[in-house]
Amino acid sequence: MKRSIYIFATDPNYARAWQALSIGVTAAAMGSAVTFVFAFEALVALAHENYGRPSTPFEAEALRLAEAINAPSCDAMMRDARALGARLVACETVVRLSGLDGDALVAAKVLDAVHSLPQIWREAADAQVFNF
């Protein structure tokens with residue numbers, strides 16, 4: 001079996017989100033088990049459907065260029081990654097520190113699960129880890 005991939009996402013902005021999602025969807029397409037762990041600003045942006053939106057003029061131009069060359073959008077890569085089995089999770093403490101309700105996020109299918117940090121730590125122990 002392919003090595004598991006854990007992608008920790010804390011930055012909600014376009015450039016970092018695009019990198020995280022492009023690595024995640026590529027790994028999922030190649031048969032790896034992919035888990036995105038969302039935290040803080042990235043988690044809040046995901047909850048409000050703003051994850052991967054440009055926050056600087058540079059990012060706005062990068063988005064424009066991506067659209068011009070038909071590069072996938074962050075939303076499309078997120079849908080594709082999930083369709084390929086990628087999971088979206090968050091730490092229960094970080095959910096609360098971010099002012100969010102974990103049960104509501106799971107019920108709304110924003111996240112697949114909310115876990116304790118020890119559970120995330122155990123699951124990610126042998127995985128390849130990326131931080132964005």
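Is Glu61 buried, partly exposed or exposed? I looked this up before anything else, and Glu61 counts as partly exposed, at 34% relative accessibility. I note at the outset that the model I am reading is predicted.

**Entry 1. Glu61 and its partner**

I looked for a charged partner of Glu61 and found Arg64, with which Glu61 forms a salt bridge. The closest N and O atoms of this pair are 2.7 Å apart. I placed both residues in helix H3, which covers residues 57-68. Arg64 and Glu61 are three residues apart there, about one turn of the helix. For Arg64 I noted a relative accessible area of 44%, so this residue is partly exposed, since that class lies between 20% and 50%.

**Entry 2. Salt bridges between separate elements**

I recorded a count of four salt bridges for the model. I then followed Arg82, whose side chain meets that of Asp112 in a salt bridge at 3.0 Å, N to O. Arg82 belongs to helix H4, and Asp112 to the loop between helix H6 (102-107) and strand E4 (113-115), so this pair ties together parts that are 30 residues apart in sequence. I found Asp112 partly exposed at 39% relative accessibility, and Arg82 partly exposed with a relative accessible area of 25%.

I turned next to Arg87, which forms a salt bridge with Glu123. Their closest N and O atoms are 3.1 Å apart. Because Arg87 lies in strand E3 and Glu123 in helix H7, the pair ties together parts that are 36 residues apart in sequence. Both ends are partly exposed: I noted 28% relative accessible area for Arg87 and 31% relative accessibility for Glu123.

**Entry 3. The largest pocket**

Which residues lie closest to the centre of the largest pocket? I listed Leu46, Glu49, Asp75, Met78 and Arg82, out of 17 lining residues. Arg82 is thus a lining residue as well as the salt-bridge partner of Asp112. I noted a volume of about 290 Å³ for this pocket. H2 and H4 are the elements that give two or more residues to the lining, and H4 supplies the largest share, five residues. By class, I recorded ten nonpolar, six charged and one polar residue in the lining.

**Entry 4. The largest nonpolar core**

I counted 42 residues in the largest nonpolar core. Those with the most contacts inside this core are Val34, Phe36, Phe38, Leu43, Leu46, Tyr51 and Leu111. I then asked which elements supply at least two residues each. These are strands E1 (5-9), E2 (34-38) and E3 (87-91), together with helices H1 (14-29), H2 (40-47), H4 (74-83), H5 (92-97) and H7 (117-124). H1 gives the most, with seven residues.

Leu46 appears in the core list and again beside the centre of the largest pocket, among the closest residues.

I examined Leu43 in detail, leaving out residues up to four places away in sequence. Leu43 touches Phe38, Ala90, Val94, Val95, Ser98, Leu100, Leu105 and Leu111. Two of these, Phe38 and Leu111, are also in the list of core residues with the most contacts.

**Entry 5. Ser116**

Finally, I located Ser116 in the loop between E4 and H7. Ser116 is partly exposed, with a relative accessible area of 22%. I compared its position with that of Glu92: the two are 24 residues apart in sequence and 5.6 Å apart in space, C-alpha to C-alpha.

Technical notes
Residues are numbered from 1 along each chain as its sequence is written. This is a predicted model: local features need pLDDT of at least 70, side-chain atom pairs count only at pLDDT 80 or more; totals for chains, interfaces and linings use all residues. Side-chain values use heavy atoms; hydrogens and water are left out. A nonpolar core is a set of buried Ala, Val, Leu, Ile, Met, Phe, Trp, Tyr and Cys residues joined through side-chain atoms within 4.5 Å. Buried means under 20% relative accessible area, exposed over 50%, partly exposed in between (1.4 Å probe, protein chains only). Helices (H or I, at least four residues) and strands (E, at least two) are DSSP runs, numbered from the N terminus. Contact means heavy atoms within 4.5 Å. On a 1 Å grid over the protein atoms alone, a cavity is a set of points where a 1.4 Å probe fits but cannot get out, and a pocket is an open set with protein on both sides within 12 Å along at least five of seven lines; lining residues have an atom within 4 Å of a point. Grid points are joined across faces, edges and corners, and a volume is the space filled by probe spheres set on the points. Ala, Val, Leu, Ile, Met, Phe, Trp, Tyr, Cys and Pro count as nonpolar, Asp, Glu, Lys and Arg as charged, and the others, Gly among them, as polar.
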